[in-house]
Amino acid sequence: MAYDPKLAAALSGATLRQLAHWRKASVSRGAVLIPEISSTRPVLYSFRDVVALRTCVKLRNDTSLQKIRRALDTLRDDLKERDHLSSYTLVTDGGSIYLAAPDQAVDLVRKKANVVIHEMVDVLQPFYRDGRHIPPLLQPRTHVAVDPAIRGGVPVIEGTRIPYDEVAALLRDGVLPERISDYYPSVTATAALDAADFADYVDSYDPLREQREVAAG
């Protein structure tokens, strides 16, 4: 399974504009995250990429992109940490960014001695970004689940292998929630409504919608 930019944005909380910007290196710093499946059209992200993107979005809530790029360069070039970005726990106090371990952290921006971090952040849990609620990655809706072991991580109806968008498409075609079981016996009306709600959320990251919102200020 590979996530197109719209679904990767919806699951991570990043905007499509941010994803495009983060794929590129700056004049003096490396890229924030290059998709490991495909960085050229069609751009495709992995499940690990989405986890890493959630980290970047949470960092960006409290610190500048310049500091994020500087921290990632320190991680990769100075510390020689070249595993996928999702393998690391990165946190910020607003002043710097730290590579965190259970009891201490390395300052990646100011490159000072190890400091103690009192609060660890779980990027899989829900958070807010610019007033938008970003759902938990593994359970974006009560009856919609994301599991990399099931269909490679495509969101499905919980307890099944049925993609959420197939169920949502039926509702959009006029099928009543109570009749979804005629097509998918294991999908309840409530689960179908959750699938439709999540599909609406994903569509809120549509490129044309983002352009209209930017134009409107």
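These legends walk through several close-up views of a predicted model.

**View 1. The whole chain, to get your bearings.** Before zooming in, here's the overall tally: the chain has 8 helices and 7 strands. It runs to 217 residues, and 45% of them count as buried. What share of the contacts with a separation of 6 or more comes from residues 24 or more positions apart? That share is 55%. As for the outside, the chain exposes about 11200 Å², and carbon and sulfur atoms supply 50% of that area.

**View 2. An open sheet built from three strands.** Here 3 strands line up in the order S1-S2-S3, with antiparallel pairing. Strand S1 (90-92) and strand S3 (105-107) sit at the edges with a single partner strand each, so one side of each has no neighbour in the sheet. Going from one strand to the next, the twist averages 35°. Helix H3 (residues 47-62) lies across S1 and S2, and H3 runs at about 10° to S1.

**View 3. The S1 and S2 hairpin.** Zoom in on S1 and strand S2 (residues 97-100), and you'll find them paired in the antiparallel sense over 3 bridges. Which residue of S2 is the bridge partner of Leu90? It's Leu99. The hairpin has 4 residues between the strands, and Gly94 takes a positive phi there, near 95°.

**View 4. S2 and its two faces.** On to the other pairing of S2: 3 bridges join S2 to S3, and the two run antiparallel. Look for Tyr98, which stands opposite Asp107 in S3. In a regular strand, side chains alternate between the two faces of the sheet. You can follow that along S2, where Ile97 and Leu99 point one way while Tyr98 and Ala100 point the other way. Are these four residues buried or exposed? All are buried.

**View 5. Phe47 and its surroundings.** Phe47 has its place in helix H3. Why does Phe47 count as buried? Its relative accessible area is 17%, and buried means under 20%, so Phe47 makes the cut. Set aside the neighbours within four places in sequence, and Phe47 is in contact with Tyr3, Leu137, Leu138, Val146 and Pro148. Met1 is worth finding in this view too: Phe47 and Met1 are 46 residues apart in sequence, yet their C-alpha atoms are 8.2 Å apart in space.

**View 6. Helices H5 and H7 crossing.** Two packed helices are described by the angle between their axes and the distance between the axes. For helix H5 (residues 164-172) and helix H7 (residues 189-203), the axes come within 8 Å and cross at roughly 95°. Angles of 65 to 115 degrees count as roughly perpendicular, and H5 and H7 are therefore roughly perpendicular to each other.

**View 7. Side by side at the H5 and H7 contact.** From H5 come Tyr164, Val167, Ala168, Leu171 and Arg172. They meet a set of H7 residues: Ala192, Leu193, Ala195, Ala196, Phe198, Ala199, Asp200, Val202 and Asp203. How many of the residues in this contact are nonpolar, polar and charged? The split is 11 nonpolar, no polar and 3 charged.

How values were computed: Residues are numbered from 1 along each chain as its sequence is written. This is a predicted model: local features need pLDDT of at least 70, side-chain atom pairs count only at pLDDT 80 or more; totals for chains, interfaces and linings use all residues. Side-chain values use heavy atoms; hydrogens and water are left out. Two strands pair if DSSP finds at least two bridges between them. Axes are lines fitted to C-alpha atoms, for helices over the stretch in contact, and angles run from 0 to 180 degrees between N-to-C directions. Contact means heavy atoms within 4.5 Å. Buried means under 20% relative accessible area, exposed over 50%, partly exposed in between (1.4 Å probe, protein chains only). Accessible areas come from the Shrake-Rupley method with a 1.4 Å probe; for residues, only the protein chains shown count as cover. Angles under 35 degrees count as roughly parallel, over 145 as roughly antiparallel, 65 to 115 as roughly perpendicular and the rest as oblique. Ala, Val, Leu, Ile, Met, Phe, Trp, Tyr, Cys and Pro count as nonpolar, Asp, Glu, Lys and Arg as charged, and the others, Gly among them, as polar.
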